[in-house]
Amino acid sequence: MSCASHVLRHSRKIHNTSNLVRHDNLSLVRWFSNEARLSADKGDDILKFQKAGFASPKERFRGTAGFSNRCRTIDPPMISVRGTQKANSIRTGRKLDVPMAGILFNTRSSWSPLPMGRCFSTEAGLPPHQEVGMPSLSPTMTEGNIARWLKKEGDRISPGEVLCEVETDKATVEMECMEEGYLAKILKGDGASGIKVGEVIAITVEEEEDVSKFKDYKPAESVSAAPVKEPSTPSPAKDEAAREPVTATEQKVSKPSAAPAAEGRIFASPLARKIAEEHNVPIADIKGTGPDGVIVKADIEDYLASRGKEAPAPKAATATATSLDYADIPLSQIRKVTASRLLLSKQTIPHYYLTVDTCVDKLMELRSQLNSLQEASGGKRISVNDLVIKAAALALRKVPQCNSSWTNDYIRQYHNVNINVAVQTDNGLYVPVIRDADKKGLSKIADEVKYLAQKAKDNSLKPEDYEGGTFTVSNLGGPFGIKQFCAIINPPQAGILAVGSAERRVVPDSGPEQFKFASFMSVTLSCDHRVIDGAIGAEWLKAFKGYIENPESMLL
């Protein structure tokens, strides 16, 4: 209690923020709770905030998002960080209520959906403002893109209004503002890509007249975002080299020298490697003069100058390079995620494939009858793919071993049958999910597939639209006429069904030397052999074929 009184008596020092931030190692009072009262004479009774918490005079004094209290507060305020997680919005989903002695500081966790900070600038002319950072929308997200801003600089913002659309590694999500104010500065405009989580993308202020003061505002580099380099112990060789005297006649010229055998790996800048490759320079013979011995462009140029002449590049390679005409297409977030997940699947999952032909004559007849009823009632038409999804869901319920996924310690078998449907768009491949497909009717499945497919083409899918699937169906037959193909498993699932096109074939009839025409569709099941044995996969295909060839059983 004596320590708390000591703090309150000296609250005038805390009130003076400009003086407060002048010290690099700033000692602040810590929290006082009803459960513990530590004495003031112990060394651990004070929390020390290094530069990561409170910075030098030219840096900003940060607070946590959502604080309306300022550092002028003398009485210990009750600090609260509030927010709710909505399906289509981003909020800080934490609440922290702790009494503090007149000081605000960052309570940001390692994964904060929307990092924002109240800034009290010591620079003249900059009023209190708030930095809006790139949100982290999933535990695996490290960077994102700005699809577009829905608010402009100078616009008034209110809680719940959408600031911008953020393109994550899986979808495009709307980002909402959390408190009232004005959008003073947009630092990352429409189409900005590769923005690290936590990097400042905009500035907001409370008063409209403060907007003009941030016209030329440029954020300082975030101390917490900067990589922390551990002090390296200099090697004896470097110490000796540092103690050697350097004469004025010596020139800094890279000469051929063998690379150190202990390193094994040669570090060079991309430009240096390119120049070395063009001039047939053995990069292993170059001694780098860059940071930590990295080979840079100047080292290659010095080597070529010391050699007297440049080695001519091979004519064949030059002719090939000049004859190629190409364009580099930037990678979208969904393309990066698709590439990494499919590569992981193909490298780590032991695939095997089972193919079967199914007669679809009865299926097509039932579809025609159902579509007649749908048209009469004003409903949407049912496609072959809708019937395939229903049949696959019922087969999973009949053979639940295929509705599972692999972990290192156990096989997880799901009780819900959620079918992902592969949808190809101009932006990439999406797999929206039909939840509890085994319990839904064909009309409901048809409506959801069309709705989610349109959202995928509009690039407006939300995480809940594609997460939680237990099995995937990919159909290249109907849209593209592909007869048969093998699909790559969508991890962590254990199976995916590849559906080909239907074709008419001549098959034996009931009588001797009698033939008839029938339509057959080829389907291929890709299985994870760690989860689904060959006999189990064959049993699932048998059940699926039974539903397709006798579609009336799906209606029971």
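Me: How many disulfides does a search of the whole structure find?

Reply: This is a predicted model: local features need pLDDT of at least 70, side-chain atom pairs count only at pLDDT 80 or more, and totals for chains, interfaces and linings use all residues. Residues are numbered from 1 along each chain as its sequence is written, and side-chain values use heavy atoms, with hydrogens and water left out. The search looks for a pair of cysteine sulfur atoms within 2.5 Å. Across the whole structure, the number of disulfides found is 0.

Me: At 42% relative accessibility, what does Cys486 count as?

Reply: The class depends on relative accessible area: under 20% is buried, over 50% is exposed, and in between is partly exposed (1.4 Å probe, protein chains only). Cys177, with 2%, is buried. Cys486 has 42%, so this residue counts as partly exposed.

Me: How many strands are there in the protein chain?

Reply: Both element types are DSSP runs numbered from the N terminus: helices are H or I with at least four residues, and strands are E with at least two. The chain has 14 helices, and its number of strands is 24.

Me: How far apart are the end C-alpha atoms of helix 10?

Reply: Helix 10 covers residues 384–398, which makes 15 residues. The expected span is 1.5 Å times one less than the number of residues. That gives 21 Å for this helix, and the end C-alpha atoms agree, being apart by 21 Å.

Me: How many of the 15 residues of helix 10 are buried?

Reply: The buried residues include Asn385, Asp386 and Lys390, along with Leu387, Val388 and Ile389. Helix 10 is largely enclosed by the rest of the structure, because its buried residues number 12.

Me: Which helix gives the most to the largest nonpolar core?

Reply: A nonpolar core is a set of buried Ala, Val, Leu, Ile, Met, Phe, Trp, Tyr and Cys residues joined through side-chain atoms within 4.5 Å. The largest has 55 residues, of which Ile419, Leu497, Trp540 and Phe544 touch the most other members. With 9 residues, the biggest giver to this core is helix 10.

Me: Which residues of helix 10 does Ile419 touch?

Reply: A contact means heavy atoms within 4.5 Å. Leaving aside residues up to four places away in sequence, Ile419 touches Pro432, Val433, Ile434, Ala437, Phe471 and Val473. The others on its list belong to the buried part of helix 10: Ile389, Ala393 and Leu396.

Me: Trp540 and Phe544 form an aromatic pair; of what kind?

Reply: Rings of Phe, Tyr and Trp (its six-membered ring) pair if their centres lie within 6.5 Å; planes under 30 degrees apart count as stacked, over 60 as edge-to-face and the rest as tilted. By this rule the count comes to 3 aromatic pairs, and Phe214 with Tyr217 is edge-to-face, at 5.5 Å and 65°. Trp540 and Phe544 are 4 residues apart in helix 14 (residues 534–549), so about one helical turn separates them. At 5.4 Å centre to centre and 10° between the planes, this pair is stacked.

Me: Which residue do ring pairs link with Trp540 and Phe544 into a cluster?

Reply: Trp540 is buried with a relative accessible area of 0%, and Phe544 is buried at 0% as well. The ring cluster that holds these two is completed by Phe471.

Me: In the open sheet of 6 strands, which strands stand at the edges?

Reply: Two strands pair if DSSP finds at least two bridges between them. The sheet has mixed pairing in the order 15-24-23-22-18-21; within it, strand 18 (residues 419–421) and strand 22 (residues 471–475) run parallel over 3 bridges. Each edge strand has a single partner, so one side is left without a neighbour in the sheet; these are strand 15 (351–359) and strand 21 (433–434).

Me: Which residue in strand 14 does Val132 stand opposite?

Reply: Val132 and Gln130 point one way from strand 7, while His129, Glu131 and Gly133 point the other way. All 5 residues of strand 7 (residues 129–133) are buried, so the strand is largely enclosed by the rest of the structure. Strand 7 pairs with strand 14 (residues 200–205) in the antiparallel sense over 5 bridges. There, the residue opposite Val132 is Ala202.
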